Amino acid sequence: MADWTFEILRAEDLLSLRVSALNLSLETGTTPPRLVRSDRNAPSFLSIELAPQHIAERFFVQTSGAEEALASPPVVSVLAGSSRLVFRLPDAWDGLDFTLDSVLDWNRLEPFLAKNALPLETADSTTRGPEIQSPWRSDRTPVATAIELPYRLWLSPVASRQGTPAWSHQSQIARRDGRVELWHTRLARKNSDGIHERAGDYPLRAIWYVGLMCDPNSGRRPRTNEEGSNNSSSIEALTGSLAVRVRDAVAHLSGNFGLPLRGSRFYVPKALTAERLTLSALGAWMHARGEWKKPDDIDGLNPIRSCPGGPQEVWTVVAESERLALSEWHHTTAMGRDQRVRTVVDGFLDPFGHRATFVVVTEREFRPSPAGDPVAYLVQYAHLDVHEKRIDYADRAGAYPHESREMPLRSVSIEPLPVRSADNREFLCQVTALDWEEQRVEFVAPLRLISAAQPDVGGSGERTFELAGQLVALAKNDVDSGSVAQGTTVSVKRLVVNMAAADLGPERAPFVPVFSRAEVTIPAVDYMVAAGRDDGYAIELHDQYLTNGFRAPNIGQVFAKLTDRDLDLAFPVERSGGLVRPRMKINGLSRTVGPVPTVDEIGTGTFDPRHVFDALNDATLLGVIKLSDVIQVATGNELSSEKVPRLVHTRHPDRVETSFTWRPAIRRVNDPSGGGTSNPLLPFMTTRDTALEIESRMWRSNDGRSGSSVTGSLRNFAFTYPSAPGSPKIACVIFDRVDFQVRDREQPTLTVHGVHVEFLGALAFFQELAQLLPPNGFGAGAALRVTPEEVVAGYTLAIPTAGVGAFSLEHIAVSAQLSLPLLSNRDTTLRLAFSDRMQPFLTSLSLLGGGGFLAVRINTSGIETVEGALEIGGNITVGLGIIEANVHAMMGLYFGIRTDGGVTLAFGAYYRIGGSVDLLGIIGISIEIYLQMTFIPRKAPGVLGFIEGRGSITVGVHLLFVEKSVTLTLERSFAVPTRADVPLIGSVAVPFLDDPPFDAMISPTDWEEYCRAFA
C-alpha cells in the first residue's frame, strides 16, 4: 500500500491528480518540505492517478439492410476507470521537494512500466517473454503505468531508439488572451538531447484488457448515465466502439510475448504507434494505430483470467486463430470521446478459402434525434471485402490427395451481401460455382471469416449449404464409358463441405475445401416409383472413385454411395412390364448404370443377383420365381450393358425423360434338353433361348404434358405343376412368348404367343379338352385385367349349337384363363372349363333335358379345384284352349374338390317336382315340391362336417290380379364325426362316411327337451 497519498486540485485549469507515494514520507522541518525515502535500500515510487480518460458510448449500426433506430438522448454510456502514470525515483535520490513544480516534474524521474511494455528493440523470438497481465497487485497497489484508453484496454508507452517515454506539460496555470488553458499532459520522448515533443510515432503497447463489464478497481459493475432513464439498451452488452474480440486482439498482438509458435519459438508483438496522446481531467486526445502481419504458425491458447477481485470471469477464451486475425486498428479520440474507430480483420472465408477482410468503421456524425434536435451520435458501418473473388481449384489440385476429385465444385466465386452486424462471425454471401460439367450452381450462405493462423479443419469445420435441388455433377467424366453414360449429375438439396489442411504458399488459405457428403434426390428413382423422400438421400463419394477415378479397377464406374440407409426400390406393377417385380436395395450410384445395388461389388466389376435379391422375398418373376434363381452374374464389360438394371434420367431440350431398362442373362434351369442346373423345387423351365426384356419410359415436356410407355417380354419358358418334391407332374404349360404393353391413357395389353398345355397323370383325361385351345388364344382378343396383385388374361371359345332331329346341344363353350401373379405369395394358375357354372351347356331329347359344366384350376403347387355339375329331368306342358297344365320333374348333382391346406369335397343333390293349372289366365293354382341334401365341410374337434337336408312344399294361387303363395319347410342336419380317405383322382381323396351315431344326431338341448317331455 502507499505510504502516503495526497491530491492536487486546481479549479482554474481543472488540474486534478491523486498522488500516491510509495516508500516515501513527508518531512516538514525543511523549507520547502520534502518527500524522503523511508527505506534507503528499497525503491521509491510516485503513482499519479488521473481522472477517467475515456467514455464508452453506445453506437448505432447503420450498415445497409441493418439500420438501427437512433435513441433519444441521453445515449447509454459508461465511464472508464482511472489511469495511472507510475515513476520511480533514481536510486541516488534520497527524496524530492514537496512542491507542485517538483511533483509534476516527471521527466526527472524514471518511467515505471509493465513487464510486457518492453522496448521495441529488445524482443527476441527465441525466448519466451512476459504475457499480458494485470498491472495491479491483488492488494490494488499500482506497480506500473496503465492508461485505460479506450474503455477496458490499458496502454503503456514504451522506449525505443529515439528515446524513453516522457510527458510534457506546465505546472503553472497557462493564461492566453484572458483565457485559462485546460491543464493537460502530452506524450513525448526523452533522449540525450532533452525532451522532444513533436508529431510523430510514439510507441505504445496494450498491456492488459478486460472482456466483460468489470471495474478493475472495485470488481463491481460501473454506473452509467443510463440508470434511471427509459433507455432500453443493456449495459451488459455495451462494449463501446471496440468489440471484445478486437480489444483481445490489440492486447495480444501488441503486448503478449508469451504466445508460442511452432518450432520452439515465440511470437514477437508489434507495438502500436500514436501520433498524439494527451491526457487531461476531461479525457484524452489520441490518434493511434496498429498494423500487424499475422503469424502463420501460432500454437496454443491463453488461459482464462478473472477480473482482479471481481466476481465474474472477464477474459474471453479466444482461439489464437481469431485473436491474431486483426490486421489494422485506427482509433481517434477527442476529450475522452471516440471520433473515428476503424478495425480491419484479415482472414479466409471458410470453407472455400477466399482471402477477405472485414472492415468496421465507427464514427461520430450529427444526426437528427427522434425529437428533431441535432445530436452527435456514434454510428457504425461494416462491410466485407473479398480480395479473391474467384478460386479455380484446378490450380490447387496439388493440395488434394486424389487429384482434386474430392471437390466437385471446380470454381467458386464470392460476392458479399450487406453486413448485418459489426460483431459478425459469419457473413452472408452470394456464392456462384461451376461443377465438373460447367453447370452453374448458385446459393446464398453465411461464410465464416477465419484466420490463417489455425484453421479449424476436420469434422468440426463442416458447413452445410442449401442448394434447393440444383443439379451438380459430383464426379469428373474424364474416361470414355464405351456406351451411353448416365453421367454423375444429381439433384442436390444440401451440400456439406469440410476443410483439409494444405500448404499453398503465402497469401493463400492454408486449407482447401473438400466434399464431405450431400443430401440428394435421385430423379430416376422418384419418377419411376414415386418414392422420393422429403429430406433426400445422404451420399458421399465412393473410395473407388476417389482412388481411381473411372479408370480400372473401378470397372463399374461407381462414384457415390448412400450413407444413411439403403434405398428399398420396389417397382409398381405398371412400371415393370407386368412380368417382373424387381425389388432391390439401391446403395450407390454408377456413372454408366445409374442407381445400383451392391455398389462395392459393382465397383470391383461384378453384379451377382443372389447378393441383391436373396434377402427380398417379393423380388420375383411372374410372382413365383425368385429372381436370384434365374438371373446370371454379370461381370466386366457387362456392367455397362443392360444386363444390370438401369435407371436413366435424361434432360432433353424440350422434355425430361426417365427410363428403366433391364435385359438380364437367364440361367438354364430344368432344361429338358440338358445343360444348366436342375432344381426340382423350381416350377420353372428355361432354355438357352429364354430371354427377359423390360423397358419403361416416362417423360414430361416443358409445356407440362406428360406420358409413359411400358413394354415387357419373356420368351421360351414353361411352368410345371406341381413343384413339390416327390409329387407327380400333372400339367406343363409351355409359352413361346408373353408380351406386356401399357401406353399412356390406354388399357394395358397382355399377349401370350404359342401356349401349349399338356395334362399328365391324374389329369390326363383333360388332354382332349386342352386340344381345343388355340395356340394364340391369349392374343389380342383376350380379356385382360391388371391389378397390383396379378395380371389375368382369358378368353372363351363358343361352339355352335348342334341339333339332330329331337336332339339338341347348345350353350357349349370352352374357356381358358391365365393368371400371372405379381406378388411372391401367389401362384401362377391356369383354369380350363367346359362351359361354366353360371352358363351351363344344355341338351335335350324330346321331353327330356339337362345341362352341366366341368372345370379344373391348377397352380404350381398342384390341383387347386376340380368342379362340375349335371342336371337331368322332364318337362311336359299341355294346352287345351281355355286351360293349360304343366308337370315337371328335375334332378341335379354338383361336386367340387378343393385343395386348401388339405383336400375338401363339396357335394350337393336335389330333386324337385311340381305342376300347375291355369284357366284363361284368370285363375290358377300351382304346387312345387323340393328336396335337397348337402354336405357342408366344417372343421371342428372330432367333426368332419355336416349333412343338411331341406324339404319344402309351395302352393300358389292367383285370381285376377291377386297372388298368394304358402310355403311349408322342414330342415334337418347331423354331424359327420368319422372319415376314411378313399382315392378319387390320383392323389386326391374323398371321405367315406360312416353311419352317424346317436349323439351326433341328437344335440344335448334336444335330448334335454325330450327327457322333460316324459318327466
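Which backbone oxygen does the side chain of Arg205 reach at 2.9 Å? In this predicted model, the partner is the backbone oxygen of Leu118.

**Arg205 and its surroundings**

Arg205 belongs to strand β19, which covers residues 202-209. The residue has a relative accessible area of 1%, and because buried means under 20% relative accessible area, Arg205 counts as buried. Its side chain takes part in the polar contacts listed below, including one with Pro269.

| Side chain | Backbone oxygen | Distance |
|---|---|---|
| Arg205 | Leu118 | 2.9 Å |
| Arg205 | Pro269 | 3.4 Å |

**Helix α2**

Helix α2 is formed by the twelve residues 244-255. At 1.5 Å a residue, this helix should span 16 Å, and the C-alpha atoms at its ends are indeed 16 Å apart, so the expected and computed values agree. The helix is mostly covered, since eleven of its twelve residues are buried. Among them are the residues Val244, Val246, Val250 and Leu253. Arg247, Asp248 and His252 of α2 are buried as well.

**The chain as a whole**

The chain contains eleven helices and 67 strands. Of its 1015 residues, 48% count as buried. The exposed area of the chain is about 46,900 Å², and carbon and sulfur atoms supply 53% of that area. Considering contacts between residues at least 6 apart in sequence, 59% join residues at least 24 apart.

Notes
Residues are numbered from 1 along each chain as its sequence is written. This is a predicted model: local features need pLDDT of at least 70, side-chain atom pairs count only at pLDDT 80 or more; totals for chains, interfaces and linings use all residues. Side-chain values use heavy atoms; hydrogens and water are left out. Helices (H or I, at least four residues) and strands (E, at least two) are DSSP runs, numbered from the N terminus. The expected span of a helix is 1.5 Å times one less than its number of residues. Buried means under 20% relative accessible area, exposed over 50%, partly exposed in between (1.4 Å probe, protein chains only). Contact means heavy atoms within 4.5 Å. Accessible areas come from the Shrake-Rupley method with a 1.4 Å probe; for residues, only the protein chains shown count as cover. A polar contact is a pair of N or O atoms within 3.5 Å; within protein, one must be able to donate a hydrogen and the other to accept it, and residues adjacent in sequence count only if both atoms are side-chain atoms.
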